[in-house]
Amino acid sequence: MNPVDLKLYLVTDSGYYDEKRFLDMVEKACRGGVTLLQLREKNRGGREYLRLAQAVKDGFLVDFLTVEITDPAGVPLIIDDRVDVALACGAAGVHVGQTDLPVWAARQLMGPDKIVGATAKTVPQALEAYEQGADYLGVGALFPTETKVNTVLTSIDTLKDIVKAVPIGVVGIGGLDESNVDILTGSGAQGGAVVRAIVKAQDPEQAARRLREKLDAILK
């Protein structure tokens, strides 16, 4: 089992930005206290996905100076879905959903030292992912979310049941922001995963800092 700090898990959406502004947002979010970053690019082909992943992981040029992001900040980069992209860019790991590669296949390809995360909405799904080698689980959506058209909600009681059922870290996801992240209090979850709460914030660094402070207090 690979140790993963799930406290403030940022799942990205580059659709709101041009590339330079997107990378700037990610860099500011990491400065603000993000502990894990998932690059999620459902609409990019492999070549473009890899190029963006490399920029997020290794840095990008601004006026001939390299602006570094996840690696120097000590924030592990997780690639959504694409094991090939994760391996090619040297990412810390991969996250697979219920319709992606099964966890066992992702683990086999990634090897024992990389992080493999999985989505689970039920206790049986959680147990299966754990048994196949997942290092952590993303559980949700806890609230309606803009990132998926048909959001299937997961109750906080189901989240608690999953936490009790598996000995790996669980992060709550889906519509979480500063106004409702208190729902994780007493749940046993190790963190909260957010998208729009940071990605769409006017000041991503401050938004991340406020969320991190709140999660630190909630999830002592």
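This is a short dialogue on reading helix packing, burial and backbone geometry in a predicted model.

Reader: How are two packed helices described?

Author: Two numbers do the work: the angle between the axes and the distance between the axes. Take α1, residues 19-32, and α2, residues 46-58. Their axes come within 10 Å and cross at roughly 40 degrees. That makes α1 oblique to α2.

Reader: Which hand does the crossing of α1 and α2 have, left or right?

Author: α1 passes α2 in a right-handed crossing. From α1, the contact uses E19, F22, L23 and V26. From α2 come R51, L52, A55 and V56. By class, that contact has six nonpolar and two charged residues, with no polar ones.

Reader: At what angle do α1 and α9 pack?

Author: The angle is about 30 degrees, and the axes lie 7 Å apart. Angles under 35 degrees count as roughly parallel. So α1 and α9 are roughly parallel to each other. Their crossing is right-handed.

Reader: Which residues meet there, and how do they divide by class?

Author: M25, K28, A29, R31 and G32 in α1 meet P204, E205, A208, R209 and R212 in α9. The contact of α1 with α9 divides into four nonpolar, one polar and five charged residues.

Reader: Take E205 from that list. Is E205 buried or exposed?

Author: The test is relative accessible area, and buried means under 20%. E205 has 17%, so E205 is buried. The residue lies in helix α9, which spans 204-218. Set aside residues up to four places away in sequence, and E205 touches K28, R31 and G32.

Reader: Now α6 and α7. How do their axes cross?

Author: The axes of α6 and α7 come within 9 Å and cross at roughly 30 degrees. That makes α6 roughly parallel to α7. This crossing is right-handed. V123, A126 and L127 in α6 meet D161, I162 and A165 in α7. The residues of this contact divide into five nonpolar, no polar and one charged.

Reader: Which residues of α7 are buried, and where do they fall around the helix?

Author: Helix α7 covers residues 156-165, and its buried residues are L159, I162 and V163. Look down the axis of α7. The buried residues fall within an arc of 100 degrees, so they line one face of the helix.

Reader: What do the buried residues of α7 pack against?

Author: One helix and three strands are listed by name. The buried residues of α7 pack against α6 (123-131), β7 (115-120), β8 (136-139) and β9 (169-173).

Reader: Pick a residue in β9. What surrounds G169?

Author: G169 sits in strand β9. At 9% relative accessible area, G169 is buried. Leave aside neighbours within four places in sequence. G169 is then in contact with L6, D135, Y136, L137 and Q190. For a sequence-versus-space check, pair G169 with G138. They are 31 residues apart in sequence and 8.8 Å apart in space, C-alpha to C-alpha.

Reader: Do the same for Q125. Where is it, and how accessible is Q125?

Author: Q125 is found in helix α6. Its relative accessibility is 23%, so Q125 counts as partly exposed. Apart from neighbours within four places in sequence, Q125 is in contact with Q98 and A120. From Q125 to L137 is twelve residues in sequence and 9.8 Å in space, C-alpha to C-alpha.

Reader: Last topic: the backbone. What is the usual pattern for phi and for peptide bonds?

Author: Most residues other than glycine have a negative phi, and most peptide bonds are trans. Now the cases in this model. D81 is not a glycine, yet D81 has a positive phi of about 75 degrees. D81 is found in the loop between β5 (77-80) and α4 (83-89). Its relative accessible area is 24%, so D81 is partly exposed.

Reader: And which peptide bond is cis?

Author: The bond from G140 to A141 is cis, with omega near 15 degrees. A141 is found in the loop between β8 and α7.

How values were computed:
Residues are numbered from 1 along each chain as its sequence is written. This is a predicted model: local features need pLDDT of at least 70, side-chain atom pairs count only at pLDDT 80 or more; totals for chains, interfaces and linings use all residues. Side-chain values use heavy atoms; hydrogens and water are left out. Axes are lines fitted to C-alpha atoms, for helices over the stretch in contact, and angles run from 0 to 180 degrees between N-to-C directions. Helices (H or I, at least four residues) and strands (E, at least two) are DSSP runs, numbered from the N terminus. Angles under 35 degrees count as roughly parallel, over 145 as roughly antiparallel, 65 to 115 as roughly perpendicular and the rest as oblique. A crossing is left-handed if the near helix is turned anticlockwise from the far one by less than a right angle, and right-handed if clockwise. Contact means heavy atoms within 4.5 Å. Ala, Val, Leu, Ile, Met, Phe, Trp, Tyr, Cys and Pro count as nonpolar, Asp, Glu, Lys and Arg as charged, and the others, Gly among them, as polar. Buried means under 20% relative accessible area, exposed over 50%, partly exposed in between (1.4 Å probe, protein chains only). The arc is that of the directions from the helix axis to the C-beta atoms.
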